[in-house]
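Hi everyone, thanks for making time today. I'd like to walk you through a structure that is new to most of us, so please have a look at it first.

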Amino acid sequence: MKIGDRVRVKESVIVYHHPENKKQAFDIKGMEGELTAIITEWEGRPVSANFPYLVQFSKKFRAHLKEEEVESI
(Lines give C-alpha, C1' and ligand atoms only; values in the text may rest on other atoms or scores of the structure.)
Protein backbone atom coordinates (compact mmCIF):
# COMPACT_ATOMS: atom_id res chain seq x y z
CA MET A 1 0.00 0.00 0.00
CA LYS A 2 1.09 3.54 -0.63
CA ILE A 3 -0.05 7.00 0.42
CA GLY A 4 -3.22 8.06 -1.39
CA ASP A 5 -4.64 4.51 -1.69
CA ARG A 6 -8.26 3.84 -0.73
CA VAL A 7 -8.38 1.31 2.09
CA ARG A 8 -11.03 -0.59 4.07
CA VAL A 9 -10.83 -1.74 7.68
CA LYS A 10 -11.03 -5.54 7.45
CA GLU A 11 -10.92 -6.44 11.16
CA SER A 12 -12.98 -5.34 14.12
CA VAL A 13 -11.33 -2.22 15.56
CA ILE A 14 -12.92 -0.42 18.51
CA VAL A 15 -12.24 3.33 18.80
CA TYR A 16 -13.42 5.87 21.36
CA HIS A 17 -12.73 9.06 19.38
CA HIS A 18 -15.29 8.81 16.55
CA PRO A 19 -16.88 12.30 16.21
CA GLU A 20 -20.48 11.06 16.29
CA ASN A 21 -19.90 8.63 19.20
CA LYS A 22 -17.51 10.45 21.53
CA LYS A 23 -16.31 8.51 24.57
CA GLN A 24 -18.33 5.47 23.49
CA ALA A 25 -17.05 2.26 21.94
CA PHE A 26 -17.48 2.34 18.14
CA ASP A 27 -16.44 -0.45 15.75
CA ILE A 28 -14.96 0.86 12.48
CA LYS A 29 -14.90 -2.53 10.70
CA GLY A 30 -15.88 -2.04 7.06
CA MET A 31 -15.27 1.72 6.98
CA GLU A 32 -13.38 3.07 3.96
CA GLY A 33 -10.89 5.92 3.85
CA GLU A 34 -7.68 7.23 2.34
CA LEU A 35 -4.22 6.26 3.52
CA THR A 36 -2.62 9.64 4.32
CA ALA A 37 0.65 8.60 5.97
CA ILE A 38 2.85 5.65 6.83
CA ILE A 39 4.80 6.56 9.95
CA THR A 40 8.38 5.27 9.65
CA GLU A 41 10.39 8.20 11.00
CA TRP A 42 10.04 11.11 13.40
CA GLU A 43 12.23 14.22 13.21
CA GLY A 44 14.54 12.41 10.80
CA ARG A 45 15.04 9.36 13.01
CA PRO A 46 13.60 5.93 12.23
CA VAL A 47 10.81 4.70 14.54
CA SER A 48 8.91 1.45 14.85
CA ALA A 49 5.36 2.68 15.34
CA ASN A 50 2.82 0.16 16.66
CA PHE A 51 0.09 1.65 14.43
CA PRO A 52 1.98 3.09 11.42
CA TYR A 53 -0.92 3.56 8.97
CA LEU A 54 -2.81 6.86 9.29
CA VAL A 55 -6.20 6.64 7.57
CA GLN A 56 -8.48 9.64 6.98
CA PHE A 57 -12.11 8.48 6.99
CA SER A 58 -13.86 11.87 6.97
CA LYS A 59 -13.00 15.52 7.50
CA LYS A 60 -13.22 15.09 11.29
CA PHE A 61 -12.18 11.45 11.75
CA ARG A 62 -8.87 9.69 11.23
CA ALA A 63 -7.22 6.75 12.95
CA HIS A 64 -3.85 5.04 13.25
CA LEU A 65 -4.06 1.36 12.30
CA LYS A 66 -1.86 -1.73 11.95
CA GLU A 67 -1.01 -3.14 8.52
CA GLU A 68 -3.06 -6.30 9.13
CA GLU A 69 -6.17 -4.24 10.01
CA VAL A 70 -6.54 -2.60 6.57
CA GLU A 71 -6.77 -3.75 2.97
CA SER A 72 -6.55 -1.91 -0.36
CA ILE A 73 -9.75 -1.50 -2.34
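Let me begin with one term: two strands pair if DSSP finds at least two bridges between them. With that in hand, here is a place to put your finger: Arg8 stands opposite Glu32 in β4. Please keep in mind that this is a predicted model.

Let's step back to the sheet. In what order do the five strands of the open sheet come? The order is β8-β7-β4-β1-β9, and the pairing is antiparallel. At the edges sit β8, residues 62-65, and β9, residues 70-72, each of which pairs on one side only. From one strand to the next, the twist averages 45°.

Now to strand β1, which covers residues 6-9. With β4, β1 pairs in the antiparallel sense over three bridges. With β9, β1 also pairs in the antiparallel sense, again over three bridges. Arg8 has a bridge partner in β9 as well, namely Glu71.

What do the side chains along β1 do? In general, side chains in a regular strand alternate between the two faces of the sheet. Along β1, Val7 and Val9 point to one face and are buried. Arg6 and Arg8 point to the other face and are not buried. To put numbers on the two arginines, Arg6 is partly exposed at 42% relative accessibility, and Arg8 is partly exposed at 28%.

That brings me to the charges. How many salt bridges does the structure hold? There are five. Let me show you some of them, starting with Arg8 and Glu32, whose closest N and O atoms are 3.3 Å apart. Arg8 lies in strand β1 and Glu32 in strand β4, so this pair ties together parts that are 24 residues apart in sequence.

Glu32 has another partner, Arg6, and in that salt bridge the closest N and O atoms are 3.9 Å apart. Here, too, the pair links β4, residues 32-38, with β1, so parts that are 26 residues apart in sequence are tied together. Glu32 itself is partly exposed, with a relative accessible area of 34%. If you zoom out a little, Arg6, Arg8, Glu32 and Glu71 are linked in a network of salt bridges.

Another salt bridge joins Asp5 and Lys2, with the closest N and O atoms 3.4 Å apart. Is Asp5 buried or exposed? Asp5 counts as buried, because its relative accessibility is 18% and the cut-off for buried is under 20%. Its partner Lys2 is exposed, with a relative accessible area of 55%.

Let's move on to the loops, beginning with the one between β2, residues 14-15, and β3, residues 26-27. Two residues there caught my eye.

One is His18, which has its place in the loop between β2 and β3. His18 is buried, with a relative accessible area of 7%. Which residues is His18 in contact with, leaving aside its neighbours within four places in sequence? They are Phe26, Met31 and Phe61.

The other is Lys23, also found in the loop between β2 and β3. In contrast to the buried His18, Lys23 counts as exposed, at 78% relative accessibility. There is something to note about its backbone. Most residues other than glycine have a negative phi. Lys23, however, has a positive phi of about 60° although it is not a glycine.

Where else can we find a positive phi in a residue other than glycine? Glu43 is such a case, with a phi near 50°. Glu43 is found in the loop between β5, residues 41-42, and β6. Like Lys23, which is exposed, Glu43 is exposed, with a relative accessible area of 62%.

My last stop is Pro46, in strand β6, which spans residues 45-46. Pro46 is exposed, with a relative accessible area of 73%. Not counting residues up to four places away in sequence, Pro46 touches Thr40 and Glu41.

If you take one picture home, let it be the network of salt bridges that links Arg6, Arg8, Glu32 and Glu71, with Val7 and Val9 buried on the other face of β1. Thanks for listening, everyone!

Note on methods
Residues are numbered from 1 along each chain as its sequence is written. This is a predicted model: local features need pLDDT of at least 70, side-chain atom pairs count only at pLDDT 80 or more; totals for chains, interfaces and linings use all residues. Side-chain values use heavy atoms; hydrogens and water are left out. Helices (H or I, at least four residues) and strands (E, at least two) are DSSP runs, numbered from the N terminus. Buried means under 20% relative accessible area, exposed over 50%, partly exposed in between (1.4 Å probe, protein chains only). Contact means heavy atoms within 4.5 Å. Axes are lines fitted to C-alpha atoms, for helices over the stretch in contact, and angles run from 0 to 180 degrees between N-to-C directions. A salt bridge is a side-chain nitrogen of Lys or Arg within 4 Å of a carboxyl oxygen of Asp or Glu.
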